[in-house]
Amino acid sequence: MAKNGNDAEIDEGLYSRQLYVLGHEAMKRMQNSNVLISGMRGLGVEIAKNVILGGVRSVTIHDEGVAEWRDLSSQFYLREEDLGKNRAEVSQARLAELNSYVPVTGYTGPLTEDYLTKFQVVVLTNSTLDEQQNLGEFCHSKGIKLIIADTRGLFGQLFCDFGEEMIVYDTNGEQPLSAMISMITKDNAGVVTCLDEARHGFESGDYVTFTEIQGMTELNGCKPVEIKVLGPYTFSICDTSGFTDYIRGGIVSQVKMPKKISFKSLSSSMAEPEFLMTDFAKMEFPGQLHLGFQAIHAFQKKHGHLPAPWSQADGEELLALAKDVNSAQTGSAKVEQLNESLIKKLSYVAAGDLAPVNAFIGGLAAQEVMKACTGKFMPIMQWLYFDALECLAEEEGFMLTEEECAPKNCRYDGQIAVFGTKMQDLLAKQRYFLVGAGAIGCELLKNFAMIGLATGEGEVIVTDMDTIEKSNLNRQFLFRPWDVTKMKSDTAAAAVKLMNPAIKITGHQNRVGPDTERIYDDDFFESLDGVANALDNVDARMYMDRRCVYYRKPLLESGTLGTKGNVQVVIPFLTESYSSSQDPPEKSIPICTLKNFPNAIEHTLQWARDEFEGLFKQPPENVCNFRSCRDPKFMERTLKLPGAQPAEVLEAVYKSLVTDCPQNWADCVAWARNHWQCQYSNNIRQLLHNFPPDQLTSSGAPFWSGPKRCPHPLEFSTSNELHMDYVVAAANLFAQTYGLQGSTDRAGVIKILQDVKVPPFTPRSGVKIHVSDQELQNNNSSIDDTKLEELKAMLPSPESFQFKLTSIDFEKDDDTNFHMDFIVAASNLRAENYDIPPTDRHKSKLIAGKIIPAIATTTAAVVGLVCLELFKIIKGHKKLESYKNGFMNLALPFFAFSEPIAAPKHKVSKYYYEIDWTLWDPHGLGLGLFFVVFLHTDMFCFWHTTNHYLLLFFIRMSISWRSPCFLRECPCCIRFSCLLPNLKRDWTYRECTCIHLLPYLHAGILKFLFTGFLFVSCSMTEIVTKVSKKKLGKHVKALVFELCCNDLSDEDVEVPYVRYTIR
């Protein structure tokens, strides 16, 4: 078995996504930590799973008890045949499979003080208060970090004690900020002004350091200086009055400073608690639950068991115990008045054991373990309480009976104790569609199996087209090393069947989208009870959102980004949809910055990615299109491209087929060497010829200043490792496109390079280099037809060449395919051109590969919240305030819950009354006097009453027959009107994915004017078939039309889309 420890190398292939969250230094510290987790019920195994996946040095799991029926409600590594066996012994082997680098040991003896000294972190679950206090005092005195986690039905508790002095190296995990400087004053508290391209983003109290300042060089490389923010572009620093005058330039960079924090022992903290809020709408709850949990311990100590589920007598007794606990308090833990209803509800559900609550608290607790091991991120100070009481019935005062919630000696006893047997029957009948079987998908499936979803007449359908890769194993815990290359959906389905054999689950390998609507058709969606997304891209999320809106199905949406996570619940007729609000688009890098004026490593990495596409993907694709009879319109489409693009494409094809076409490996090496010369020497020399280092702008300021860094050309050397990295990677990739055999023999490559002749280069006058994107846009002139004809004539005929070019799709996670080798070398060489600090392969992969940082702890916590919302959906909650959208950042830590935004209401106007409608309302039917659509005998008719009608000026149907695409998303517009003189006639056609039908209705408009009806001589299905040039499949039951209307005053009137049923 591979092991972690002092000398262990970090397996970047396994931990890559987590490394982008924690960093290498934190991972190394974690790999030297031994962790004890006591209690192997549902919460304990959840914590152990996340900690083992994280990669500590070792994990010891402890439990002196045996498996019971109620444990199976959430302990996913216990099976029915394990009843009566020790929980730790049974779980050890199954937990050990999660990570071969982490030895997992089971221990069933008592926790003595001598035994605890082996560990750096101790986690207690399912423990008594006496045990917590005794071990807590010992751990505090010995510097052993202690975490106490507990769940009681719908309630959770978490406590952290990391000693009297703990150093946090990074409080938030965000990348250090940097900004370019435009001015620094000489003052006592000098003022730094940054370029106004973007806000600096600093906060008062941050520490910064400086580089590349010309003039006030005393600041270059100085010790970190504390700042005070004065504005979005300014901040003050230390006394600069004695420094030399500032001339220009400079970069200011944020420095993460270590922070010392102190924790109180458990006993001290119980009397004087400090709470971390999880829900700001429940400000009083933490103090109340702090007493309630102590009362639970008192009840259990007195009776030897927890309060019986929904027992009013036990509820009254627990309330009395809570009052006694409160009376005994002398510190800030004492509350003025107990919330009796809350304490009773705690009693009613305390015997419950819910997988989603354990997933949420377990994810948080495991993240605290990592903080304790690494000093990365701010720990919880010191108590956290959580509840999900909204999962209970919405009716005030509703009570389940003791009989309904009594144990049934089945695997769902822990859940029945909270919700009763009727809820369990409902869960078993659910039919759910899970889209994605990655990290979130695996966690959802685990929770589905534990809560008993689709274990009766229902079914879970999970689809994912991806195969399992090594980097998945760190988070997607249903997969094992021997599953690599298998399909995710099938493997995940098989894994959860072992956890609960009763679950009915089917795996698909389909991508959701218009191409699979024959599979996921009307019958499929109408049979569903809901959809859960586990996707990693916005386009697929929006597609599924539109489908759920159309079919009026609830949608559970969630996502993670490192330690950040969010949950959104979409409820038909109640909430807005996922697509109703969107994040702002990512800020793109200007083209001219990429081409000629980079100033950050992000710019050089994006340039390298563009190089990869422009050298090894697009040219082979263009050649294949040129020579292929499958695309006879390639030349026609190319010549219609704007600006100089036609010439660029044809020149690239000519180069690929003639001038650059290699015959052997030596030709590939020669091509790579000459391309290196062009990119890192010749082009830079041309740029400096156009804009010399001492160039001034029209205002007299230095041209090479501010964000423009003056470059210098490089000289190639075979003794320079980076130069050779580039040549070897580029030559091998070039050889792959032509089907030639490559080589990694550097000595052989050097020998070939000795014979390569590099043409001399002299910068030319008259070469236009654009300084800004605006200038580039204004001068984007097209090439003359004569030049294009010459290029066409130079191209060989498609039949004259026999070889086939293969385009290369970028794949970041294969370290043997030269892709990242090329990206790293190309980017760092360009960075050297511009004196930008280079970056390593790890960071290059993050930026160039657009990797989403991920960690198992966040995923577990987010999915726990998702499944709590699932309970509410299945119970049929109708109140908006019952549901909770959530956001969390475990690094800070920070939690925010809010009720979902209600579905926005639109109004169809005016005159006599107004009619409200939302995106959930059915298809534009029944809009009263103003607009009524009759669908009769396959005809489309519009009717109006005297003086009150809407004017149809636009009708469109989505080619994705049952997925309405909203007008604001469509790039095209056809406005047409001949009905009123004040309306303009304006036709615009553009390429899009929609079918515009209004011209086909033109013939009926005159009849509409005189009779009030619009008749079409052929059916709508015939029109759609004619326009789309596609036959409607047998799976299509309805068409979707979008209508845009004006009233008589030419005001836009928004109306719902129309569903036109054809079968």
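Helices (H or I, at least four residues) and strands (E, at least two) are DSSP runs, numbered from the N terminus. The model on screen is predicted.

**Whole chain**

Start with everything shown. The secondary structure comes to 34 helices and 34 strands. Of the 1063 residues, 56% count as buried. Among contacts with a separation of 6 or more, 73% are between residues 24 or more positions apart.

**Annotated segments**

Next select 851-874 and 886-903. An unreviewed UniProt entry lists both under "transmembrane region", together with 923-944 and 1003-1024. Color the first two by secondary structure. Residues 851-874 are 79% helix and 0% strand, with the end C-alpha atoms 35 Å apart. For residues 886-903 the figures are 0% helix and 50% strand, and the end C-alpha atoms lie 18 Å apart.

**The cores**

Stay with the first segment and select helix H31, residues 856-875. The largest nonpolar core has 170 residues, and those with the most contacts inside it are Leu-95, Leu-154, Leu-444, Leu-445, Phe-448 and Leu-478. H31 supplies 12 residues, the largest share of this core.

Center on Leu-444. Beyond its neighbours within four places in sequence, Leu-444 is in contact with Val-863, Val-866 and Cys-867, and also with Leu-434, Ala-532, Asn-533 and Ala-534. A second, separate core has 67 residues, including Ala-670, Phe-703, Leu-753 and Val-824.

**Helix H24**

Select residues 665-690. This is H24, with 26 residues; its first and last C-alpha atoms are 36 Å apart, close to the 38 Å expected at 1.5 Å a residue. Begin at the N-terminal end, which Asn-664 caps: one of its side-chain oxygens is 3.2 Å from the backbone nitrogen of Ala-666. Follow the helix along to Cys-678, where H24 bends by about 40°. Switch on a surface for the rest of the chain to see that H24 is mostly covered, with 19 of its 26 residues buried.

Now pick Gln-679, which is found in H24. Is Gln-679 buried or exposed? Its relative accessible area is 10%, and the limit for buried is under 20%, so Gln-679 is buried. Show side chains here: a polar contact of 2.7 Å joins those of Gln-679 and Asn-683. Leaving out neighbours within four places in sequence, Gln-679 is in contact with Trp-607, Glu-611, Ile-684 and Asn-833.

**Helix H26 and Ile-750**

Go to Ile-750, in helix H26 (residues 746-753). Measure from Ile-750 to Val-669: the two are 81 residues apart in sequence, and their C-alpha atoms are 9.3 Å apart in space. Ile-750 has a relative accessible area of 25%, so it is partly exposed. Outside its neighbours within four places in sequence, Ile-750 is in contact with Thr-718 and Met-724.

**The annotated active site**

Finish at Cys-592, where the unreviewed UniProt entry places the feature "active site". Cys-592 is found in helix H19, residues 591-595. Why does Cys-592 count as buried? Its relative accessibility is 4%, and buried means under 20%. Display the residues around Cys-592: apart from neighbours within four places in sequence, Cys-592 is in contact with Phe-597, His-770, Val-771, Ser-772, Asp-773 and Leu-776.

Conventions
Residues are numbered from 1 along each chain as its sequence is written. This is a predicted model: local features need pLDDT of at least 70, side-chain atom pairs count only at pLDDT 80 or more; totals for chains, interfaces and linings use all residues. Side-chain values use heavy atoms; hydrogens and water are left out. The expected span of a helix is 1.5 Å times one less than its number of residues. The bend at a residue is the angle between axes fitted to the seven residues ending there and the seven starting there. Buried means under 20% relative accessible area, exposed over 50%, partly exposed in between (1.4 Å probe, protein chains only). A polar contact is a pair of N or O atoms within 3.5 Å; within protein, one must be able to donate a hydrogen and the other to accept it, and residues adjacent in sequence count only if both atoms are side-chain atoms. A nonpolar core is a set of buried Ala, Val, Leu, Ile, Met, Phe, Trp, Tyr and Cys residues joined through side-chain atoms within 4.5 Å. Contact means heavy atoms within 4.5 Å. UniProt positions are given in the numbering used here, feature names are shortened, and annotations may be inferred rather than shown by experiment.
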